[in-house]
Amino acid sequence: MSAHCQLTRRQPGFGHHISHSHRRSKRRFDPNIQSKRYWLPSEGRHVRLRLSAKGIKTVDVIGVEAAVARIRARGGKI
């Protein structure tokens, strides 16, 4: 599965591992993606969202209805 947030669109960043001798090799910085289940009262069902830690906090502030509306407005599938 891809490591991206459905709400904030956070995705992996790329960089280098740098050893003590300063040799570089590629690495990937993945966001903290969690799968979280929310109750969606307007549809009378649960939805499972793949959110970053910041995305979970955003849902707590704006509410699950507004978050799902934002995801759907961008063409995201729920």
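Student: Which residue of S4 does Leu40 stand opposite?
Tutor: Leu40 stands opposite Arg45. This is a predicted model, in which local features need pLDDT of at least 70, side-chain atom pairs count only at pLDDT 80 or more, and totals for chains, interfaces and linings use all residues. Residues are numbered from 1 along each chain as its sequence is written, and side-chain values use heavy atoms, with hydrogens and water left out.

Student: Why are S3 and S4 said to pair?
Tutor: Two strands pair if DSSP finds at least two bridges between them. Strand S3 (residues 33-40) and strand S4 (residues 45-52) have 8 bridges, in the antiparallel sense, so the criterion is met. The strands themselves are DSSP runs (E, at least two residues), as helices are (H or I, at least four), numbered from the N terminus.

Student: What lies between S3 and S4 in the hairpin?
Tutor: There are 4 residues between the two strands, and Gly44 in this turn has a positive phi of about 65°.

Student: What makes Arg27 count as lying over the face of Phe29?
Tutor: A charge sits over a ring if NZ of Lys or CZ of Arg is within 6 Å of the ring centre and within 35 degrees of the ring normal. Arg27 lies at 3.7 Å from the ring centre of Phe29. The charged end of Lys36 likewise sits over the ring of Tyr38, 5.4 Å from its centre. Both distances fall within the 6 Å limit.

Student: How many aromatic pairs does the structure hold?
Tutor: The count is 0. A pair would need rings of Phe, Tyr or Trp (its six-membered ring) with centres within 6.5 Å; planes under 30 degrees apart would then count as stacked, over 60 as edge-to-face and the rest as tilted.

Student: Is Lys26 buried or exposed, and how do you know?
Tutor: Buried means under 20% relative accessible area, exposed over 50%, and partly exposed in between (1.4 Å probe, protein chains only). Lys26 has 67%, so this residue is exposed. Lys26 belongs to strand S2 (residues 24-29).

Student: Why do Thr58 and Ile56 count as buried?
Tutor: Thr58 is at 18% relative accessibility and Ile56 at 17%, so both fall under the 20% limit. Thr58 lies in helix H1, as does Ile56.

Student: What is Ile56 in contact with?
Tutor: Contact means heavy atoms within 4.5 Å. Leaving aside neighbours within four places in sequence, Ile56 is in contact with Gln34, Lys36, Tyr38 and Leu51. On the same basis, Thr58 is in contact with Leu7, Thr8, Gly63 and Arg70.

Student: Which residues of helix H2 are buried?
Tutor: In H2 (residues 64-73) they are Val64, Ala67, Val68 and Ile71. They cover an arc of only 95° around the axis, which puts them on the same side of H2; the arc is that of the directions from the helix axis to the C-beta atoms. What covers them includes S3, S4 and helix H1 (53-62).

Student: What makes a set of residues a nonpolar core?
Tutor: The members are buried Ala, Val, Leu, Ile, Met, Phe, Trp, Tyr and Cys residues joined through side-chain atoms within 4.5 Å. The largest such core has 14 residues, of which Leu7, Tyr38, Val47, Leu49, Leu51, Val59 and Val64 touch the most other members. S3, S4, H1 and H2 each supply at least two of its residues, and the largest share, 4 residues, comes from H2.
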